[in-house]
Amino acid sequence: MNIPLVNLKRQSDRLRDEIHASLDRVIDSGQFIMGDEEKTFEKEIASFVGTTYGIGVGNGTDALIMALRALNIGPGDEVITSPFTFFASAESISSVGATPVFVDISPDTYCMDVDMLYDAITPRTKAIIPVHIFGHMVDMKKLMEIAKARNLAVIEDACQAIGATQDCMRAGAIGDAGCFSFFPTKNLGGMGDGGMVVTNRKDMDDAVRMFRVHGSRRKYHNECIGYNSRLDELQAAILRVKLRYLSGWEKKRRYRARIYNEELKNLPIKLPIELDEYRHVYHLYVIGCDERDGLMSYLKDKGIGCGVYYPLPLHLLPVYRNLGYGIGRLKNAEGAAITTLAIPLCPELNDLEQEYVIDSIKEFYGVK
Ligand SMILES: *Cc1c(COP(=O)(O)O)cnc(C)c1O
């Protein structure tokens, strides 16, 4: 049996007619950049997340970059983030000329260990980018207390966590700004690139809106060096169709995760954790085990798509060698990089396929 990690084809097939109709609407409108679809989608996402503003941008990376720029962060500033995330979380910091500072993760949720924040804060620290990795949120309650006490801005990297909650507060709505990606494989994914900044701050809304059109509020009256980074009408129209399904998809993800949790619990595998008062949206279902590489090639030989997120913690990437972290500094991130594996989970995964994945993992361990 062939089971991809994420089955986008199946999702597209089911939505094909609805998406075609929405694309026709855009084609007929003749408006392809910054039109009604994007404006409406911005309002829909802001209201879904629970913020006042939403600004559509070209991708999640640009969302982070423009949120940092809106906070005036640049050369000489330090921004704290996680070493166990997609490169863009730190790349955005470097892109604006600031320096990323890495705080190790908790081995339970793979999110930044907020208790270790104090040691990383220096007089140059300007902001924190907590990353809600794999769909589980960072402890934002504790993080916001520290940020407020130290007068630090907070930009949530919620690219993997749309819909996730802590104490009923949604990912992206808690910090000064939240950033989303609509990359095709994300929980809410377009058919191309897309992203959004959400915020309750009028000044940040205003700044990001200016940055995304070449630093201008009024056409041809450019005020600063900005970007060309908008969410186009075709993507916004597709995403509006998909947003209507997001809550249903989340339930399916959580249902599949419960089945894995139950079926794999007696194996020598570390299962994903959902802390009390949190809602995990399982962007990825990530297991941990010492035999990671062996298990991965065994599953791949059986046609099961799985992947390593992430094989190198960011502080060990050659591009960040100059930051001076060596091996052994951020032990939990380094451990996770060699033991974790994402196995197939998406709303379209069916019983038969999931059973096959479970049986194959049990087989690898010689069970049953
Ligand atoms: C996907 C992702 C991004 C970047 O999003 P793009 O739309 O691909 O630029 C940033 N951070 C995290 C954690 C992501 O998963």
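Here is a short back-and-forth on the strands and salt bridges of this predicted model.

Reader: What makes Arg25 and Glu37 a salt bridge?
Author: Their closest N and O atoms are 2.9 Å apart. The cut-off is within 4 Å, so the pair counts as a salt bridge. Arginine 25 belongs to helix α1 (residues 8–29) and glutamate 37 to helix α2 (residues 36–49), with their positions twelve residues apart in the numbering.

Reader: Why is glutamate 37 called buried, and what is arginine 25 called?
Author: Glutamate 37 has 8% relative accessibility, and buried means under 20%, so glutamate 37 is buried. Arginine 25 comes out at 43%. Partly exposed lies between the 20% and 50% limits, so arginine 25 is called partly exposed.

Reader: How do you know that glutamate 38 and arginine 212 are bridged?
Author: Again, go by the distance: 3.0 Å, N to O. With the limit set at within 4 Å, that pair qualifies, so it is a salt bridge. This one links distant parts of the chain, 174 residues apart: glutamate 38 sits in helix α2, and arginine 212 in the loop between α7 (202–211) and α8 (233–243).

Reader: Buried or exposed: what are glutamate 38 and arginine 212?
Author: Glutamate 38 has a relative accessibility of 1%, and arginine 212 has a relative accessible area of 5%. Set those values against the under 20% rule, and glutamate 38 is buried, as is arginine 212.

Reader: What about aspartate 351 and arginine 256, and where do they sit?
Author: Their side chains meet in a salt bridge at 2.8 Å, N to O; the cut-off is within 4 Å, so the label holds. Aspartate 351 is in helix α12 (residues 351–364) and arginine 256 in helix α9 (residues 246–263), 95 residues apart. Arginine 256 is buried at 9%, while aspartate 351, at 46%, is partly exposed.

Reader: Which residues make up a salt-bridge network?
Author: Glu38, Glu42, Asp205, Arg209 and Arg212 are joined into one network by salt bridges that share partners. Across the whole structure, the search finds 26 salt bridges.

Reader: On to the strands. How do you know that β2 and β4 pair?
Author: Pairing takes at least two bridges, and four bridges join strand β2 (residues 78–81) to β4, so they pair. The two run parallel, with threonine 81 opposite isoleucine 129 in β4.

Reader: And what makes β4 and β5 partners?
Author: There are two bridges between β4 and strand β5 (residues 153–157). The rule asks for at least two, so β4 and β5 pair, in the parallel sense. Isoleucine 128 has valine 154 in β5 as its bridge partner. Add helix α6 (residues 140–149), and β4, α6 and β5 make a right-handed β-α-β unit.

Reader: Why is β4 called mostly covered?
Author: Strand β4 (residues 125–129) has five residues, and four of them are buried. Buried means under 20% relative accessible area, so "mostly covered" is a fair label for β4.

Reader: In the sheet β7-β6-β10, why do β7 and β10 stand at the edges?
Author: This open sheet has three strands in that order, with antiparallel pairing. Both β7 (169–170) and β10 (278–279) have a single partner strand, so one side of each is left without a neighbour in the sheet. Strand β6 (residues 165–166) pairs with β7 over two bridges, and threonine 165 stands opposite arginine 170 in β7.

Technical notes: Residues numbered from 1 in each chain as written. Predicted model: local features only at pLDDT ≥ 70, side-chain atom pairs only at ≥ 80, totals over all residues. Heavy atoms only, no water. Buried < 20%, exposed > 50% of the residue type's maximum accessible area, 1.4 Å probe, protein only. Right-handed = clockwise from strand over helix to strand, strands pointing away.
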